[in-house]
Amino acid sequence: MFKIVVITPETGHPDESHILEFLVKEYGCQIHIRKPNFDKESYKKYLQNHNRLLSHFVLHEHHSLAKEFQVKGIHLKERDRKGSNLSFNELNIVSTSIHSIKDAAHLKHSFEYIFYSPLFESISKQSYGSNKTYEELTESVFELKKNTSIPIMGLGGIDEENIELVKKSGFDGAGLLGSVWGARDPVATIKLLFSNNR
């Protein structure tokens, strides 16, 4: 089944807690906590404020908190995976990010899934990415899957208009960010994005 995960907004959203609870309650959604501007104490407070949802959380920063809180696990950014001396042996590593097809062949850990981006022009980052055609997406999936058996999640500019294209081209799932948090009505948008994914 096509997997959908949601990544939190960097700077927060006025209805963030309500939306996260809705995602977990209605869809059992995995939530990636991405708060690059949070120091460790702010991050810790965020986790404490959402303690009922922790088992659905994947931490992008302050990975050591995964030992303190009963979260799903951690996400390794490219620099974490390639250049860090940190020991992740005691932590459940759920996912990582790649931005080129050749990187897929060099992954040594058994991740639950990999984010590959960008697929389309980013909604949350100005002037990042460009819109790919169905043929380009299909070719990317074909090449990625020649290099790894780990499920590939598309990321970048995915919304209710193009999510079917991502599914049809062969991706195993999608990561959502700007389409949810930038929507006028995030809950209605979530319902649309998940409507064919029950």
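1. Let's start with strand E7 (strands, E, are DSSP runs of at least two residues, helices, H or I, runs of at least four, both numbered from the N terminus). Ile152 and Gly154 point one way from E7, while Met153 and Leu155 point the other way, and all are buried. Here "buried" means under 20% relative accessible area, "exposed" means over 50%, and "partly exposed" is in between, with a 1.4 Å probe and protein chains only. As a rule, in a regular strand the side chains alternate between the two faces of the sheet.

2. A word on what you are looking at. This is a predicted model, in which local features need pLDDT of at least 70 and side-chain atom pairs count only at pLDDT 80 or more, while totals for chains, interfaces and linings use all residues. Residues are numbered from 1 along each chain as its sequence is written, and side-chain values use heavy atoms, with hydrogens and water left out.

3. Now look at the neighbours of E7. Strands E6 and E7 pair in the parallel sense over 3 bridges; two strands count as paired if DSSP finds at least two bridges between them. Tyr116 has Gly154 in E7 as its bridge partner. E7 also runs parallel to E8, joined by 3 bridges, and here Gly154 stands opposite Ala174 in E8. Between E7 and E8 the chain passes through H5, and this β-α-β crossover is right-handed. That label applies if, with the strands pointing away from the viewer, the path from the first strand over the helix to the second runs clockwise.

4. Strand E1 (residues 3-7) is worth finding next. How many of its 5 residues are buried? The count is 4, so to speak of E1 as mostly covered is fair. E1 pairs in the parallel sense with strand E8 (residues 173-176) over 4 bridges, and Val5 has Gly175 in E8 as its bridge partner. E1 also pairs with E2 in the parallel sense, over 3 bridges, with Val6 facing its bridge partner Ile31 in E2. E1, H1 and E2 make a right-handed β-α-β unit.

5. Helix H4 (residues 134-147) is a good one to turn around on your screen. H4 has 14 residues and reaches 20 Å from its first C-alpha to its last, close to the 20 Å expected at 1.5 Å a residue; the expected span is 1.5 Å times one less than the number of residues. Which residues of H4 are buried? They are Leu137, Ser140, Val141 and Leu144. Seen down the axis of H4, these buried residues fall within an arc of 100°, so they line one face of the helix. The arc is taken from the directions from the helix axis to the C-beta atoms. In general, an α-helix has 3.6 residues a turn, so residues three or four places apart point the same way.

6. What do the buried residues of H4 pack against? Their partners are strand E5 (93-98), strand E6 (113-116), strand E7 (152-155) and helix H5 (163-168), where contact means heavy atoms within 4.5 Å. The face of H4 turned away from its buried side carries the exposed residues Glu135, Phe142 and Lys146.

7. On to charges. Side chains of opposite charge can pair when their charged atoms come close. A salt bridge is a side-chain nitrogen of Lys or Arg within 4 Å of a carboxyl oxygen of Asp or Glu, and by this rule the count comes to 10 salt bridges. One of them joins Lys35 to Glu16, with the closest N and O atoms 3.0 Å apart. Lys35 lies in the loop between strand E2 (30-33) and helix H2 (40-49) and Glu16 in helix H1 (residues 16-27), so the pair ties together parts that are 19 residues apart in sequence. Lys35 is buried, with a relative accessible area of 1%, and Glu16 is buried at 5%.

8. Are the partners in the next salt bridge buried or exposed? Glu21 and Arg52 meet at 2.9 Å, N to O. Glu21 lies in helix H1 and Arg52 in the loop between H2 and strand E3 (57-59), so this pair ties together parts that are 31 residues apart in sequence. Glu21 is partly exposed at 35% relative accessibility, whereas Arg52 is exposed at 65%.

9. A further salt bridge joins Glu61 and Lys77 (3.2 Å, N to O). This pair links distant parts of the chain, 16 residues apart: Glu61 is in the loop between E3 and strand E4 (73-76), and Lys77 is in the loop between E4 and helix H3 (78-83). Glu61 is buried at 9% relative accessibility, and Lys77 is buried at 16%. Elsewhere, salt bridges that share partners join Lys3, Lys72 and Glu112 into one network.

10. One last residue to click on is Asp39, in the loop between E2 and H2. Asp39 is partly exposed, with a relative accessible area of 45%. Asp39 and Phe22 are 17 residues apart in sequence and 26 Å apart in space, C-alpha to C-alpha.
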